[in-house]
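Biologist: Hey, could you walk me through this one? I'm new to reading structures, so plain words please.

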Amino acid sequence: MKRDALADTLSELAEDCSSSAFPPADTLTCSAGPWLRPFGGWALRAAFEIEQRSGIRLLAPLFAADDLRRAAVFSALAAWYDPGSEYRHLLSDVTATEFAQWLLAEDPAEIARILDEGADEPLTRLARLGSQPLAAAEHYRSSMLFGARTVSAGEAKAT
């Protein structure tokens with residue numbers, strides 16, 4: 001019963017976020033229940049664009065994903081979104097559909113390994129990134145990707 005209610009809520013939330021009238025504001029987040037963790041800013045714009053291009057629901061699953069999945073997806077979205085990213089070349093031949101499927105299905109540790117070939121203990125490194133996107137996509141560049149924890153957009157607003 002709870003699973004059906006969750007599926008219905010996620011479906012409605014994804015439809016709300018997928019409407020063509022969805023504004024690109026930096027502070028935008030969709031309202032959600034207490035078990036969903038929406039996000040905004042560059043990460044929301046990037047995920048929304050991938051969802052629109054691919055036709056694959058990405059926002060709703062990310063709102064409900066575990067911390068490691070979210071950290072891995074935000075890292076990969078940053079590589080795709082940030083024009084200065086040294087990882088952007090890895091994604092140049094990947095279609096939006098392939099990228100969306102990879103973000104939803106790939107093991108978070110493998111996503112981390114692909115983005116940082118020298119990463120040892122990728123799950124520990126992902127855990128340091130937290131469950132909210134960093135304030136800017138460029139904060140995920142290799143010099144900061146798994147180094148010291150930088151402030152997320154939500155944490156920046158709270159301070």
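Biologist: How much of the protein is buried?

Modeller: Keep in mind that this is a predicted model. Of the 159 residues in the protein, buried ones make up 44%.

Biologist: And how many helices and strands does the protein have?

Modeller: Ten helices and zero strands. If you read along the sequence, the pattern is α-α-α-α-α-α-α-α-α-α.

Biologist: What share of the contacts with a separation of 6 or more comes from residues 24 or more positions apart?

Modeller: That share is 59% in this protein.

Biologist: Okay, let's zoom in. What's α4 like, mostly covered or mostly open?

Modeller: Mostly covered: twelve of the 15 residues in α4 are buried. Among them are R69, R70, V73, F74 and W80.

Biologist: How far does α4 reach from end to end?

Modeller: From its first C-alpha to its last, α4 reaches 20 Å. That is close to the 21 Å expected at 1.5 Å a residue.

Biologist: Same thing for α2, please. How many of its residues are buried?

Modeller: Ten of the 14 residues in α2 are buried, and this helix is mostly covered too. The buried ones include G41, W42, L44, F48 and E51. As for length, α2 reaches 20 Å from first C-alpha to last, close to the 20 Å expected at 1.5 Å a residue.

Biologist: What comes right after α2?

Modeller: G55 follows α2, and its phi is positive, near 75°.

Biologist: So at what angle do α2 and α4 pack?

Modeller: The angle is about 80°, and the axes of α2 and α4 are 10 Å apart. An angle from 65 to 115 degrees counts as roughly perpendicular, so α2 and α4 are roughly perpendicular to each other.

Biologist: Which residues make the contact?

Modeller: On the α2 side you have W42, A43, R45, A46, A47, E49, I50 and R53. On the α4 side there are F74, L77, A78, W80 and Y81.

Biologist: How do the residues of that contact divide into nonpolar, polar and charged?

Modeller: The contact of α2 with α4 has ten nonpolar residues, no polar ones and three charged ones.

Biologist: Let's switch partners. At what angle does α4 pack with α8?

Modeller: Helix α8 covers residues 122–129, and it packs with α4 at an angle of about 85°, with the axes 8 Å apart. That makes α4 roughly perpendicular to α8.

Biologist: Which residues meet there, and how do they divide?

Modeller: From α4 it's L68, A71, A72 and S75, and they meet L123, L126, A127 and L129 in α8. The residues of this contact of α4 with α8 divide into seven nonpolar, one polar and no charged.

Biologist: Tell me about A71. Is it buried or exposed?

Modeller: A71 is buried, because its relative accessible area is 1%, and buried means under 20%. Leaving out residues up to four places away in sequence, A71 touches L126, L129 and G130.

Biologist: How far apart are A71 and A127 in sequence and in space?

Modeller: A71 and A127 are 56 residues apart in sequence and 7.2 Å apart in space, C-alpha to C-alpha.

Biologist: And what about A78, buried or exposed?

Modeller: A78 is in helix α4 as well. With a relative accessible area of 2%, A78 is buried. A78 and P133 are 55 residues apart in sequence and 9.0 Å apart in space, going C-alpha to C-alpha.

Biologist: New topic: aromatic rings. How many aromatic pairs are there?

Modeller: The count comes to six aromatic pairs. Take F39 and F74: their ring centres are 4.9 Å apart and their planes sit at 75°. Planes over 60 degrees apart count as edge-to-face, so the F39 and F74 pair is edge-to-face.

Biologist: Where do F39 and F74 lie along the chain?

Modeller: F39 is in the loop between α1 (2–18) and α2 (41–54), while F74 is in helix α4 (residues 67–81). They are 35 residues apart, and the pair links distant parts of the chain.

Biologist: Are those two buried or exposed?

Modeller: F39 counts as buried at 1% relative accessibility. F74 counts as buried too, at 0%.

Biologist: Last one: which residues form an aromatic cluster with F74?

Modeller: F39 and F63 do; together with F74 they form one aromatic cluster.

Technical notes. Residues are numbered from 1 along each chain as its sequence is written. This is a predicted model: local features need pLDDT of at least 70, side-chain atom pairs count only at pLDDT 80 or more; totals for chains, interfaces and linings use all residues. Side-chain values use heavy atoms; hydrogens and water are left out. Rings of Phe, Tyr and Trp (its six-membered ring) pair if their centres lie within 6.5 Å; planes under 30 degrees apart count as stacked, over 60 as edge-to-face and the rest as tilted. Helices (H or I, at least four residues) and strands (E, at least two) are DSSP runs, numbered from the N terminus. Buried means under 20% relative accessible area, exposed over 50%, partly exposed in between (1.4 Å probe, protein chains only). The expected span of a helix is 1.5 Å times one less than its number of residues. Axes are lines fitted to C-alpha atoms, for helices over the stretch in contact, and angles run from 0 to 180 degrees between N-to-C directions. Angles under 35 degrees count as roughly parallel, over 145 as roughly antiparallel, 65 to 115 as roughly perpendicular and the rest as oblique. Contact means heavy atoms within 4.5 Å. Ala, Val, Leu, Ile, Met, Phe, Trp, Tyr, Cys and Pro count as nonpolar, Asp, Glu, Lys and Arg as charged, and the others, Gly among them, as polar.
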